[in-house]
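Trainee: I have a structure on my screen and I would like to learn how the descriptions of it are justified. Could you take me through the reasoning?

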Amino acid sequence: MCPQGQIEKLSHLRSGLLAQMQELEQQNLNCTGCLAPCCTFHHNSMRISNSEGVVLVNYLVSQKIDLSHVKKKCQATIQEFRLDKDIFVKAGTRLRRHYTCPFFTDHQLGCSIPPEFKPLGCLAFNPTEPLGKGQTCKSIAYPEFKDGEKLEIPLMILKALENILRVF
Ligand code: SF4
Ligand code: SF4
């Protein structure tokens, strides 16, 4: 489990990003009409921290979402995109693999996780022009949050689920 201080720090960073997203929204910079390639294997290689995994799993628990289904979906994603096979580009540096996020629902619905519980990197990635539909999106700069090795979303969710399922 993550120390409470880390969760609070994460929450603080998230509030900052949500405020920046609201400012972007006022300039009509939002994801309306986009098929969200940033969540699929086309562009997604998101890695998240321990605390982000715990916050996300706590959200799933609060919504009484079937955790065994989430577990199976994460396992299937790991298998499909071979995320359990480490490929090193140089000593100690793992190659970032692309994968479709297990929380990506379909082209109409996009992400199934509310902004208050999403990984920071997901919140930071935004359009730079109205109705850009993913062509010119990029990340807003934000302070790095690290509490150990970051992992691809399904790997970190499985790790967080292991802890949660021990408690239940
Ligand atoms: S958590 Fe949501 S926004 Fe982030 S990669 Fe997954 S589907 Fe996309
Ligand atoms: S961040 Fe960009 S690519 Fe991702 S859903 Fe929004 S507009 Fe599309």
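Mentor: Gladly; we will go from the whole chain to its ligands, its core and some single residues, bearing in mind that this is a predicted model.

Trainee: What makes up the secondary structure of the chain?

Mentor: There are five helices and six strands. Along the sequence they come in the order α-β-α-α-β-β-α-β-β-β-α.

Trainee: Why is the chain called as compact as a globular protein of its length?

Mentor: Set the value against the rule: the radius of gyration is 16 Å, and the globule rule gives 15 Å for 168 residues. The two are close, so the chain is as compact as a globular protein of that length. For a picture of its extent, the C-alpha atoms fill a box of roughly 45 × 35 × 35 Å along the principal axes.

Trainee: How many of the residues count as buried?

Mentor: Of the 168 residues, 26% do. As for contacts with a separation of 6 or more, 76% come from residues 24 or more positions apart.

Trainee: What surrounds ligand 1?

Mentor: The residues around it include Cys 39, Cys 101, Cys 111 and Cys 122. Also among them are Phe 103, Phe 104, Pro 119 and Ile 153. By type, the shell of ligand 1 divides into ten nonpolar, one polar and one charged.

Trainee: And which residues come nearest to ligand 2?

Mentor: Cys 31, Cys 34, Cys 38, Gly 134 and Cys 137 come nearest, out of eleven residues around ligand 2. That shell splits into eight nonpolar, two polar and one charged.

Trainee: What makes up the largest nonpolar core?

Mentor: It has 27 residues, and those with the most contacts inside it are Leu 56, Val 57, Cys 101, Ile 153, Met 156 and Ile 157. Helices H2 (50-62), H3 (67-80), H4 (120-124) and H5 (153-167) each give two or more residues to this core. Ile 153 also appears around ligand 1, and beyond its sequence neighbours within four places it contacts Met 46, Ile 48, Cys 101, Pro 102 and Pro 119.

Trainee: How do you know that the length of helix H1 agrees with what is expected?

Mentor: H1 has 23 residues, which should span 33 Å at 1.5 Å a residue. The end C-alpha atoms of H1 are 33 Å apart, so the two values agree. Within H1, the buried residues are Gln 6, Leu 10 and Arg 14, and their cover includes H2 and H4.

Trainee: What about H2?

Mentor: H2 has 13 residues and reaches 18 Å from first C-alpha to last, close to the 18 Å expected. Its buried residues include Asn 50, Leu 56, Val 57 and Leu 60. Just after H2, Lys 64 takes a positive phi of about 55 degrees.

Trainee: Why does a positive phi deserve a remark?

Mentor: Because most residues other than glycine have a negative phi. Here, Asn 28 has a positive phi of about 65 degrees although it is not a glycine. Ala 36, not a glycine either, has a positive phi of about 60 degrees. Asn 28 is in the loop between H1 (4-26) and strand S1 (47-48), and Ala 36 is in the loop between H1 and S1 as well.

Trainee: How do you know whether Asn 28 is buried or exposed?

Mentor: Count the other C-beta atoms within 10 Å: Asn 28 has 11. Exposed means 12 or fewer, so Asn 28 is exposed.

Trainee: Then why is Ala 36 called buried?

Mentor: Ala 36 has 21 other C-beta atoms within 10 Å. The cut-off is 20 or more, so Ala 36 is buried.

Trainee: Why does His 98 count as partly exposed?

Mentor: His 98 has 14 C-beta neighbours inside 10 Å, and that falls in between the two cut-offs, so it counts as partly exposed. His 98 lies in the loop between S3 and H4. Apart from neighbours within four places in sequence, His 98 is in contact with Phe 41, Asn 44 and Ser 45.

Trainee: And what makes Pro 119 count as buried?

Mentor: Pro 119 has 26 C-beta neighbours inside 10 Å. With the cut-off at 20 or more, Pro 119 therefore counts as buried. Pro 119 and Glu 52 are 67 residues apart in sequence, and their C-alpha atoms are 5.7 Å apart in space. Not counting residues up to four places away, Pro 119 touches Met 46, Ile 48, Glu 52 and Ile 153.

Definitions and conventions:
Residues numbered from 1 in each chain as written. Chains lettered and ligands numbered in written order. Predicted model: local features only at pLDDT ≥ 70, side-chain atom pairs only at ≥ 80, totals over all residues. Helix = DSSP H or I, 4+ residues; strand = E, 2+ residues; numbered from the N terminus. Rg over C-alpha atoms; globule rule 2.2 N^0.38 Å. Contact = placed C-beta atoms within 7 Å. Near = placed C-beta within 6 Å. Nonpolar A, V, L, I, M, F, W, Y, C, P; charged D, E, K, R; others polar. Core = buried A, V, L, I, M, F, W, Y, C linked by C-beta atoms within 7 Å. Expected span 1.5 Å × (residues − 1).
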